[in-house]
Amino acid sequence: MGPAPAGEQLRGATGEPEVMEPALEGTGKEGKKASSRKRTLAEPPAKGLLQPVKLSRAELYKEPTNEELNRLRETEILFHSSLLRLQVEELLKEVRLSEKKKDRIDAFLREVNQRVVRVPSVPETELTDQAWLPAGVRVPLHQVPYAVKGCFRFLPPTQVTVVGSYLLGTCIRPDINVDVALTMPREILQDKDGLNQRYFRKRALYLAHLAHHLGQDPLFGSVCFSYTNGCHLKPSLLLRPRGKDERLVTVRLHPCPPPDFFRPCRLLPTKNNVRSAWYRGQSPAGDGSPEPPTPRYNTWVLQDTVLESHLQLLSTVLSLAQGLKDGVALLKVWLRQRELDKGQGGFTGFLVSMLVVFLVSTRKIHTTMSGYQVLRSVLQFLATADLTVNGISLCLSSDPSLPALADFHQAFSVVFLDSSGRLNLCADVTASTYHQVQHEARLSMMLLDSRADDGFHLLLMTPKPMIRAFDHVLHLRPLSRLQAACHRLKLWPELQDNGGDYVSAALGPLTTLLEQGLGARLNLLAHSRLPVPEWDISQDPPKHKDSGTLTLGLLLRPEGLTSVLELGPEADQPEAAKFRQFWGSRSELRRFQDGAIREAVVWEAASMSQKRLIPHQVVTHLLALHADIPETCVHYVGGPLDALIQGLKETSSTGEEALVAAVRCYDDLSRLLWGLEGLPLTVSAVQGAHPVLRYTEVFPPTPVRPASSFYEPLRERSSLLPRLDKPCPAYVEPMTVVCHLEGSGQWPQDAEAVQRVRAAFQLRLAELLTQQHGLQCCATATHTDVLKDGFVFRIRVAYQREPQILKEVQSPEGMISLRDTAASLRLERDTRQLPLLTSALHGLQQQHPAFSGVARLAKRWVRAQLLGEGFADESLDLVAAALFLHPEPFTPPSSPQVGFLRFLFLVSTFDWKNNPLFVNLNNELTVEEQVEIRSGFLAARAQLPVMVIVTPQDRRNSVWTQDGPSAQILQQLVVLAAEALPMLEKQLMDPRGPGDIRTVFRPPLDIYDVLIRLSPRHIPRHRQAVDSPAASFCRGLLSQPGPSSLMPVLGYDPPQLYLTQLREAFGDLALFFYDQHGGEVIGVLWKPTSFQPQPFKASSTKGRMVMSRGGELVMVPNVEAILEDFAVLGEGLVQTVEARSERWTV
Amino acid sequence: MVARRRKRAARDPEDRIPSPPGYAAIPIKFSEKQQASHYLYVRAHGVRQGAKSTWPQKRTLFVLNVPPYCTEESLSRLQSTCGLVQSVELQEKLELAESRSKFFHPKPVPGFQVAYVVFQKPSGVSAALALKGPLLVSTESHPVKSGIHKWISDYADSVPDPEALRKEVDTFMEAYDQKIAEEEAKAKEEEGVPDEEGWVKVTRRGRRPVLPRTEAASLRVLERERRKRTRKELLNFYAWQHRESKMEHLAQLRKKFEEDKQRIELLRAQRKFRPY
């Protein structure tokens, strides 16, 4: 009797007040929305649901107080809207450190201070003699080369100061870090310690000794090493308190030299401080060429000398106004959501704080500004200023001895000088990191300017992990390959500068190389920033090759993706040699149609999906050619999901071409219809109304060529019939085309008569098409099927006024009014809204070539989870369209993979209960209209379906979700998406390859009460299954056009016919779930409410039987007979009926 | 489930099958092979005094819970043991249904249905009420199609016959045209002719057509009136108007603020302000 837990969840409350969870909340919390209107009215306002605000007249029109007026004015001036103001306040409350915690941290800091100054000193030894170090601690530095001059002794620090954001009050939760600077006594250091890493060696030894002593202290929960700013020459010591506060705070100890110890002029970016003779063990080439400058090394030394002065600068400026601090905190959240601040060379919170200081000094930020305005100003600045070309400086002095900005540009890719004018704050930031920041800032500005209602949410609350932000990603693994790359790229000076960190040394040149190679295909190339390692004090620091994987993200430009050609210069131009050198053996001389003979590179790609993957070819080719990184080390993740929408036996295309072929055939047909002679009324419009015609059919149709031996011919009606002794023939779904006829006084004014006239037109259409164009046609009362070039179209004649005729109701006074009826709504949907939607989405596909792939993957997934029946085709298409029309905070997807991930994200987080999903097709809805629709939505929430999609054509009713999904089905989808997303992202981010990508497409079967297994012989779409069977049955198709021109078997799908019967017969007792794309199993869930014994009622006897229960006659479902009915109704199709639980036993 | 089946097997076969008051229960199965059976609940068809019924009183048997695979023919065959059956009608619900065109109103897929079986003699009803069963829908001599067999034959039946359709459309339209012509002739006759009290009926077809009597048309007229009035109105002209519009603006802001506060409250409850 053990109920399966997941099943319980899906069953949730079938029949009880329906539960629709706020998205993301997942399972198990309340928040009910009554299924019927009556219930909602009866119940008190449901929790978790927005109610229209009701304020009394007196409240609305009372005299305003001064305070209120001030606040309103402030909101108007300083914030976008009052909602934004409240949201920002809430967010700041959430990330701020509470006073209570501050007190605890302060107490801990005092303890640390006491202990640090009490660490005993050790006598002086040679730097290379490290025998005095105790056994339990290792030097946190790679000492390569080991030999270095100088002596070391430990003395307690002369000064212990807290630096960084903790004092400024701009540090944000979680991960509170407190930076503490330890000033080393002057006695430890010697002259020329700036040279050849001597200072860093001493710094490391200083920390090692400190670590040993602090590690024995019971005060600390953990003592370990890490790197300051990820710089591997500068270790730092992390201290965390013991006990429950362990996660509260991390204190980072950074040793630094005494003030004025280093002469700044020695540390300019043009100077060398790491001698080749020492580093490479060889003297520089005898020709007297100068030592290469070591700008980064110099910066690292300089950074240690200015910790305090930076703090002073920041605290003087930021303490001017609370708004500035708020702004910095918001900016930090903004960076964090975009993963820009973490890791080596990230755009840290410190940098944005300095940027705020810079903008205050240039008067772009005023102290009266609110946090939101500070955020906006900084974003505006980042979006427009390119620090890779025009650096900025906080330094106001015009001292001629200071180096010029140009010097810094020579040495660094991003330049932002501090107030001393000698230190580049952005020394570790790579050009592509900065470009990524800039790109994000631009997107955010666009979002803020668009006045979108939930801008706050998209800007500050939506995470943008790499896999979801970039169209394609690629992993480089193992990292040790980059060492070889450094040698191949001749990066020895950079290695010397970076102290042997080949990953950082190679990163810049590699990204430049790929950016150049990808050219017009690329919008943005970003790289992941390697995580800063933490290690135990008893271990050696991790090697460079163990520092994770390098992941590159590619944001593709769809326009550039269509070309297979890389056009080079003309052969006789001098640039030709350069082009040849860049592309190597791939460059060929080609003669073009205009007569020019040019160098060119041609990539092999026949289909759209292959063209999308050209960047893969480019990347592997260039990396192998220039950086000596073989193909096996490049793990390109761009198309693993493509396999799921590839047609039968297709491996090279994801079906875009087949869809285009079908659409082209439809265009031909519509031309024939326009030109048809002999129709009593002329055709006024021909519109497609089928997923194929908007490029969203999961498996595009192929031309049908039936093999006559496989069918029973019905010659007199020129049709084919399926045969009993053969497997089920191939499934052919006719594509619906709506054909509007012109209005005329001749149309009757009576609904029944209009139907007859339409039927006459259907017959006439079939006749004329056969006569004039020799097409095989077949007319019924409602449609005409036409066979053209192997595609079957279903033409529906429509008369524009017919919905109106169906709506007309005559009141007793003779007044004619229009009232919606079920029939009129259906007709309007099928003949007006569906064609409009189809053409709008068709247009969307022309703008965004990835739309088709995304929509089809999304549908494939929903159906594979057996939930396809609950969602109208159009509703899922619209959700996919929303990803393209409202991509914020992302850019529109350019690959099916990223689009699908965002679909899962949207589905799993969207709060359907309180928001309609806007799909602003063709941008027809204005902001004001959207606001109006939103308030209308709130007022009418209870009457609307659980999932509401608003389009410009459908502003109130959400026609495509009227018939489903129910709250439970939607909830189940939300839960499944929330599970699938992290799983899939983990697979795709795994550098060893994604593994079995189909895992998230396999449905959980253990939640169902009964499983009906079907025989593959009668599943016509068996091969479309997620795990495509190795062998299936012949479906009676020829590979070449055959002699038969009879109408093929249309829409004959036994599982669907079976399901219709099941739902009709047992729909009020159970729910049935099936994957129409080749599913072999039907899942059945009993509805618990219908299993309650009920008193006898003549109208609800269906499938029940009367039992006497305690002397009373009650009705219960006749389960055993029903289970046998399952087999009887599906005779031939059903293999077994597995009853899996005994839950229903009454 | 196993336990339950055993229990049923152990039950005394003579034990009467429970049935609701007024009804008799008859077990019915698809064929010999099935073990469990559904139950038809039958009673003599009767309606309240005065109400009309399509089916003759006393001779009609009313059947509930007819399984989906049971067709009219098989039901007729099963009931024929009780007496000659005149007609069988299967329906989805308890109400009356009119016969409709097979082209324009195709039959829906059957679920569990109700049936009205009309016997030639009243004795058939009483015999049927005493049936013991179990009835078998499909036997070797009279197989009933289900599953693949049924779908294939359904498909064959659904292949349209354009000639029959044309004929039906033609006859319908002829009748319709005739009806319209008659109505028009009648309307023309009445045109401008006063009735007994001297009223003349004004129609759209007259020499001076009037507004059609539709809701949309009257709304249009009202709208035009309203627009005419607003054009004449002065805005923010008097001091009190100024004051009022300012107050209105403030009220709007207050309302918005309340709405926003509510939204924030909701988001806070959902912990939507945790950024990560």
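**Notebook: domains, interface and cavities**

I began with chain A of this predicted model and found that the C-alpha centres of its domain 1 and domain 3 lie 51 Å apart. The bounds, which come from an automatic or database domain assignment, divide chain A into domain 1 (468-564 + 603-638), domain 2 (867-1002) and domain 3 (1006-1139).

Before going on I noted that residues are numbered from 1 along each chain as its sequence is written, with chains lettered from A and ligands numbered from 1 in the order in which they are written. I also noted that local features need pLDDT of at least 70, that side-chain atom pairs count only at pLDDT 80 or more while totals for chains, interfaces and linings use all residues, and that side-chain values use heavy atoms, with hydrogens and water left out.

I then turned to chain B, which is divided into domain 1 (24-95 + 107-158), domain 2 (160-191) and domain 3 (235-271); the C-alpha centres of domain 1 and domain 2 of chain B are separated by 38 Å.

Next I looked up where the two chains meet, counting contact as heavy atoms within 4.5 Å, and found 117 residues from chain A and 80 residues from chain B taking part. The buried area, meaning the accessible area (1.4 Å probe) that two parts lose on being put together, summed over both, is about 8,800 Å², and carbon and sulfur atoms give 64% of it. I counted 5 salt bridges between the chains, each a side-chain nitrogen of Lys or Arg within 4 Å of a carboxyl oxygen of Asp or Glu; one such bridge joins Asp161(B) and Arg717(A) at 3.7 Å, N to O.

Last, I searched for cavities, which are sets of points on a 1 Å grid over the protein atoms alone where a 1.4 Å probe fits but cannot get out. I recorded 10 cavities of 30 Å³ or more, and the largest holds about 120 Å³ of space, a volume being the space filled by probe spheres set on the points. Its lining residues, those with an atom within 4 Å of a point, include Tyr227(A), His232(A), Asp501(A) and Lys543(A).

Definitions and conventions:
On a 1 Å grid over the protein atoms alone, a cavity is a set of points where a 1.4 Å probe fits but cannot get out, and a pocket is an open set with protein on both sides within 12 Å along at least five of seven lines; lining residues have an atom within 4 Å of a point.
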